[in-house]
Amino acid sequence: MSELVPGGNVPLPGGALAVRVPGPFDVCALVTDDSGRVRGDGDFVFYNQPTAPGARLHGDTLTLDPAGLRSGATRVTVVVSAAEPGIPLARLPSPVLHVTDPRGRPLARFVPPPARQETVLLLAEVYRRGPAWKLRALGQGYADGLAGLARDFGVDVVEDDPPAPAPAGVSAPPSAHAPGPDPDGFLGLVNPARAAAGSPPVRIDARLATAARGHAAAMAAAGRLGGEGADGVSVHQRVTAAGYAYLRVGEHLVSGPRTPAELVAYCLRTEQARRTLHDPAFTHAGLGQGTDPRTGETYWTALWASPLTPDTLARTEAEVVELTNRERARAGLPPLAADPLLATAARGHCADMVARGYYSHTSPEGGQPWDRAAAAGSTRRTIGENIACGQRSPAEVVEGWMNSPGHRANILKPAFTHLGVGFAGGGPAGTYWTQLFGA
């Protein structure tokens, strides 16, 4: 597998390939000829128009078959933007490009340089050279969003209220946190209970409801409760697959109650379940139920979450740095300086572990912490890494590291001078954390 830098390229094998960018991003593609201009709106592949000849977008993955592209097409440019319109990419984890061949074998990986005020990023392009096709890493951003993209590629745009205008003939995406319907009257049951505990109300999020229904159905199919369904997918993976990027998530997995009212009553009788229902940090909820056709047993999934926003991500990472430096201060050591390049690599590793469902310092292709740091542009000569999964707060994860001799040694290593922190929600474990140390 090739670790690409901006401008770097790699030849591609024949057949289709998959281009994936996990995380809180929208992925789209522009099909052009050698002029770099689209022929029409049909050359723009995005969430609301997910197919074109030779290209298909599904979630965070773009499948390309260069031989199947429209006549005259010689280039496909892969573009990413924040899933929530108008958010600068600098306030999100760094997008990480993964390219695999028809058999799923890794071909290339690319972590672009840290973004600044750009809201749209040209991440890579698949292009023809003679009879062969190649992949080139780009990393070019547009601070003026889709308007700048349109100017260079010839896509018509219309101005609208959202910060990022949409192409002509395309509906602007709904707000990432638009409330969903509540056909079960769930909010009327839980919000009075939250108010009595001094917590703000939650609202239904359609993505959480989708994930909850999917998990309840999977438990019913298996005939048992569990964080992982008979299909091998965890409840956290269902949440992120539905498009909800979270900072915190809680769940009630219950069987037996026949109605939402009985479910809520059950949760309020149990201390741990009641604590989740009352948690003031949660702002969104979703409810799903499924019935085991063999026994008639009803299975419920109630999901509670607070969204991952640029501000909450920055605060979470800063809190990990602060808590780490408190531990160093207790040991008489100087603080570590926050390093944005190390943070880019740390965020990318968290996103990669979530996307591919592994937990290791070594990526499936054999990449090591120092490889990821170098790919992010860091020139620090000494690199160390702590990872963790499952912890639900900065305090919990730092405490866990300090209780582990090897992780504690990294935190208290006198030679280290800089630190980057990454966090991502999802995957089998629910949360993934990375500290990348440098000197």
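# A tour from pocket to sheet

Start with strand S17, which gives the most to the lining of the second largest pocket: 7 residues. This is a predicted model.

**Stop 1: the pocket.** Select residues 246-255, strand S17, and then residues 271-278, helix H6; each supplies at least two residues of the lining of the second largest pocket. The space in this pocket is about 340 Å³. The lining has 16 residues, and the closest to the pocket centre are Glu-251, Gln-272, Ala-273, Thr-276 and Arg-392. Show those five as sticks.

**Stop 2: Leu-225.** Next, select Leu-225, in the loop between helix H3 (206-222) and helix H4 (235-241). Is Leu-225 buried or exposed? Neither label fits: its relative accessibility is 39%, so Leu-225 counts as partly exposed. Colour its contacts, leaving aside neighbours within four places in sequence: Met-219, Leu-253, Val-254, Ser-255 and Tyr-299. Now draw a distance from the C-alpha of Leu-225 to the C-alpha of Ala-376. The two atoms are separated by 42 Å, and the residues are 151 apart along the chain.

**Stop 3: strand S4 and its partners.** Go to residues 25-32, strand S4. How many of its 8 residues are buried? The count is 7, so strand S4 is mostly covered. Add strand S9, residues 75-82, which runs antiparallel to S4 and is joined to it by 8 bridges. Within this pair, Cys-28 has Val-79 in S9 as its bridge partner. Then add strand S5, residues 44-45. S5 is also antiparallel to S4, with 2 bridges between them. Here Leu-30 has Phe-44 as its bridge partner.

Stay on S9 and pick Thr-77. Thr-77 has a relative accessible area of 1%, under the 20% cut-off, so this residue is buried. What does Thr-77 touch, not counting residues up to four places away in sequence? Cys-28, Ala-29 and Leu-30 are among its contacts. The others are Leu-122, Ala-124, Glu-125, Leu-138 and Phe-153.

**Stop 4: the open sheet.** Turn to the sheet of 7 strands, ordered S1-S11-S10-S3-S8-S7-S6, with mixed pairing. Select its edges: strand S1 (2-4) and strand S6 (51-52). Each has a single partner strand, so one side of each is left without a neighbour in the sheet. Now pick out strand S7 (residues 55-58) and strand S8 (residues 61-64). They pair in the antiparallel sense over 4 bridges. Arg-56 stands opposite Thr-63 in S8.

**Stop 5: the nonpolar cores.** Show Val-19, Leu-62, Leu-64, Leu-97, Val-99 and Leu-135 as spheres. They have the most contacts inside the largest nonpolar core, which has 37 residues. Centre on Leu-97. Leaving aside neighbours within four places in sequence, its contacts include Val-19, Val-21, Phe-110 and Leu-123. Arg-20 and Arg-109 are also in contact with Leu-97, as are Ala-108 and Ala-124. Then jump to Leu-336, Ala-388, Leu-412 and Phe-423. These belong to a second, separate core of 21 residues.

**Last stop: confidence.** Colour the chain by pLDDT. The average is 86, and 91% of the residues score at least 70. Select residues 157-178, where pLDDT stays under 50. The model has 43 contacts beyond four places in sequence for this segment. Where pLDDT is low, the predicted coordinates should not be read in detail.

Technical notes: Residues are numbered from 1 along each chain as its sequence is written. This is a predicted model: local features need pLDDT of at least 70, side-chain atom pairs count only at pLDDT 80 or more; totals for chains, interfaces and linings use all residues. Side-chain values use heavy atoms; hydrogens and water are left out. pLDDT is the predictor's confidence in each residue, from 0 to 100. Contact means heavy atoms within 4.5 Å. Two strands pair if DSSP finds at least two bridges between them. A nonpolar core is a set of buried Ala, Val, Leu, Ile, Met, Phe, Trp, Tyr and Cys residues joined through side-chain atoms within 4.5 Å. Buried means under 20% relative accessible area, exposed over 50%, partly exposed in between (1.4 Å probe, protein chains only). On a 1 Å grid over the protein atoms alone, a cavity is a set of points where a 1.4 Å probe fits but cannot get out, and a pocket is an open set with protein on both sides within 12 Å along at least five of seven lines; lining residues have an atom within 4 Å of a point. Grid points are joined across faces, edges and corners, and a volume is the space filled by probe spheres set on the points.
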